[in-house]
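Subject: Structure for you to look at

Dear colleague,

I am handing over the structure we talked about, with notes on what I found in it. Please read the notes with the structure open.

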Amino acid sequence: MTTPDQFASVRYLVDDVQAAIDFYTTHLGFTLRTNAAPAFADVTRGPLRLLLSGPASSGARVTPSDLSAGGNRIHLSLEDLDAEIDRLRSAGLTFLSNVVSGPGGRQILLTDPAGNLIELFEPAHQ
């Protein structure tokens, strides 16, 4: 079991490992940890380690072929959602949804180059 001082890891299956590295490090503030492209890479942001598995990686080979990106997503908290949306739109990214507001805060969805979901979330100020 992961201890509190270790990374929590999530695996995303991607079509192009280098494109995924570029997306996460350029646009979302991740740091490259390991690059074994085209098979695999991992990037980190805080306690999150995102495993980017290309078609040649062992992580992708054991997955049934009928699975695709679904409703699961990484959730990235930030201080100013509007500023982040403006920054990412200026970089040419498009969003999958409009901003949704609720009692806990505001969020918007985008996808990485392989179609995996990312939720950008600004908590409600108490």
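Two strands are taken to pair if DSSP finds at least two bridges between them. The model is a predicted one, and on that criterion for pairing it contains an open sheet of four strands in the order 1-4-3-2, with mixed pairing. At the edges are strand 1 (8-13) and strand 2 (31-36), each of which pairs on one side only. From one strand to the next the twist averages 20°.

Overall composition

The protein has three helices and eight strands. Read from the N terminus, the elements run β-α-β-β-β-α-β-α-β-β-β. Of the 126 residues, 36% are buried. Taking contacts between residues at least 6 apart in sequence, 52% join residues at least 24 apart.

Strand 3 and its two hairpins

Strand 2 and strand 3 run antiparallel and are joined by five bridges. The connection between strand 2 and strand 3 is a hairpin of three residues. Two of the bridge pairs are worth locating: Ala36 has Phe40 of strand 3 as its partner, and Leu32 has Val43 of strand 3.

On the other side, strand 3 pairs with strand 4 over six bridges, again in the antiparallel sense. These two strands also form a hairpin, with two residues between them. In that turn Gly46 has a positive phi of about 60°. Arg45 stands opposite Leu48 of strand 4.

How far is strand 3 enclosed by the rest of the structure? Five of its six residues are buried, so strand 3 is largely enclosed.

Asp42

Asp42 is located in strand 3, which covers residues 40-45. Is Asp42 buried or exposed? Its relative accessibility is 0%, and because the cut-off for buried is under 20%, Asp42 counts as buried. A polar atom of the Asp42 side chain lies 2.8 Å from the backbone nitrogen of Thr34. Leaving aside residues up to four places away in sequence, Asp42 touches Thr31, Leu32, Arg33 and Thr34, and also Arg49, Leu50 and Leu51.

Helix 1 and the nonpolar core

Helix 1 lies across strand 1, strand 2, strand 3 and strand 4, and runs at about 155° to strand 4.

In soluble globular proteins, nonpolar side chains tend to be buried together. Here the largest nonpolar core has 26 residues, and those that touch the most other members are Tyr24, Leu28, Phe30, Leu52, Ile74, Ile118 and Leu120. Two or more residues of this core come from each of helix 1 (17-27), strand 3, strand 4 (48-53), strand 5 (73-77), helix 3 (81-90), strand 7 (105-111) and strand 8 (117-123). Helix 1 gives the largest share, five residues.

Leu52 is a useful place to start in this core. Not counting residues up to four places away in sequence, Leu52 touches Tyr12, Val14, Val17, Ala20, Ile21, Tyr24, Ala39, Phe40, Ala41 and Val43.

Aromatic residues

How many aromatic pairs does a search of the whole structure find? There are two. One is the pair of Phe23 and Tyr24, which is edge-to-face, at 5.0 Å centre to centre with 85° between the planes. The other joins Tyr24 to Phe30: the ring centres are 5.3 Å apart and the planes stand at 80°, so this pair is edge-to-face as well. Phe23, Tyr24 and Phe30 form one aromatic cluster.

Each residue of the cluster is buried. Phe23 counts as buried at 8% relative accessibility, Tyr24 has a relative accessible area of 0%, and for Phe30 the value is 4%. Tyr24 and Phe30 are also among the core residues that touch the most other members.

Where to look

For a short tour, begin at Asp42 in strand 3 and its contact with the backbone nitrogen of Thr34. Then go to Gly46 in the turn between strand 3 and strand 4, and on to Leu52 in the core. The cluster of Phe23, Tyr24 and Phe30 makes a suitable last stop.

Regards

Methods: Residues are numbered from 1 along each chain as its sequence is written. This is a predicted model: local features need pLDDT of at least 70, side-chain atom pairs count only at pLDDT 80 or more; totals for chains, interfaces and linings use all residues. Side-chain values use heavy atoms; hydrogens and water are left out. Buried means under 20% relative accessible area, exposed over 50%, partly exposed in between (1.4 Å probe, protein chains only). A polar contact is a pair of N or O atoms within 3.5 Å; within protein, one must be able to donate a hydrogen and the other to accept it, and residues adjacent in sequence count only if both atoms are side-chain atoms. Contact means heavy atoms within 4.5 Å. A nonpolar core is a set of buried Ala, Val, Leu, Ile, Met, Phe, Trp, Tyr and Cys residues joined through side-chain atoms within 4.5 Å. Rings of Phe, Tyr and Trp (its six-membered ring) pair if their centres lie within 6.5 Å; planes under 30 degrees apart count as stacked, over 60 as edge-to-face and the rest as tilted. Axes are lines fitted to C-alpha atoms, for helices over the stretch in contact, and angles run from 0 to 180 degrees between N-to-C directions.
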